[in-house]
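Trainee: Before I use any of these terms at the bench, could you go through how each one is earned?

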Protein chains: 2
Amino acid sequence: MPETHGTARPPRLYTTTEVARLFRVDPKTVTRWVRTGQLRALRTPGGHARILADDVDAALAGLTQPPPARGG
Amino acid sequence: MPETHGTARPPRLYTTTEVARLFRVDPKTVTRWVRTGQLRALRTPGGHARILADDVDAALAGLTQPPPARGG
DNA sequence: ATGGAATCGGGTAATTGGGGTT
DNA sequence: GCTGTCCCAATTACCCGATTCC
């Protein structure tokens, strides 16, 4: 059944400005990331982006290529 | 002929506040979407908007990037 | 009937997106 | 190729008070 929501938890969303602050870049840059598909987002009917928080948090956590643990 | 009574289920409805939370926008913005026809809604006798959940869910599902396939 | 929360409507500031450039 | 900045138009956010919802 195509029940996208109603029983499902709504996705956490960030605004472009929030993401920009988190990454310490210009909001414009975040917009580019969305346009180039480097960040998943949905659009308001007005055309403004809402970025999936999970994607952002994952990137911030550095989940890409975890550095090798170094022994003491 | 399409039956409009008896077997028809009532449409799932969202309040403006619910839609606002889902999209991370101001409830006022949702009202604007309804007034500009970007979102279908019906009105309570008192004039409050009730948005069709299907429209919202569809818009909410419009991600810019499909979820990355896992297992590779 | 009462009360708290939500919605509406108008007006104004802030944010956002797009194009072009550095 | 990636990012930051300027200009401009559109979209969105916040202020107020009155009405509606439950």
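The exchange below takes up the two DNA strands and the protein surface beside them.

Mentor: This is a predicted model, in which local features need pLDDT of at least 70, side-chain atom pairs count only at pLDDT 80 or more, and totals for chains, interfaces and linings use all residues. Residues are numbered from 1 along each chain as its sequence is written, chains are lettered from A and ligands numbered from 1 in the order in which they are written, and side-chain values use heavy atoms, with hydrogens and water left out.

Trainee: What makes a residue count as near a strand?

Mentor: One of its heavy atoms must lie within 4 Å of the strand. DNA strand C is surrounded by 20 residues, Thr17(A) and Lys28(B) being among the closest. Of the atoms of DNA strand C that come within 4 Å of the protein, 65% belong to sugar and phosphate.

Trainee: Why is the pairing of Thr31(B) with a phosphate oxygen of DNA strand C called a polar contact?

Mentor: The phosphate oxygen is 2.4 Å from an N or O atom in the Thr31(B) side chain, and a polar contact is a pair of N or O atoms within 3.5 Å, so the pair qualifies. For Thr31(A), the distance to a phosphate oxygen of DNA strand C is 2.5 Å.

Trainee: How do you know which class each residue near DNA strand D belongs to?

Mentor: Ala, Val, Leu, Ile, Met, Phe, Trp, Tyr, Cys and Pro count as nonpolar, Asp, Glu, Lys and Arg as charged, and the others, Gly among them, as polar. On that basis the surface near DNA strand D has 4 nonpolar, 8 polar and 9 charged residues.

Notes: A polar contact is a pair of N or O atoms within 3.5 Å; within protein, one must be able to donate a hydrogen and the other to accept it, and residues adjacent in sequence count only if both atoms are side-chain atoms.
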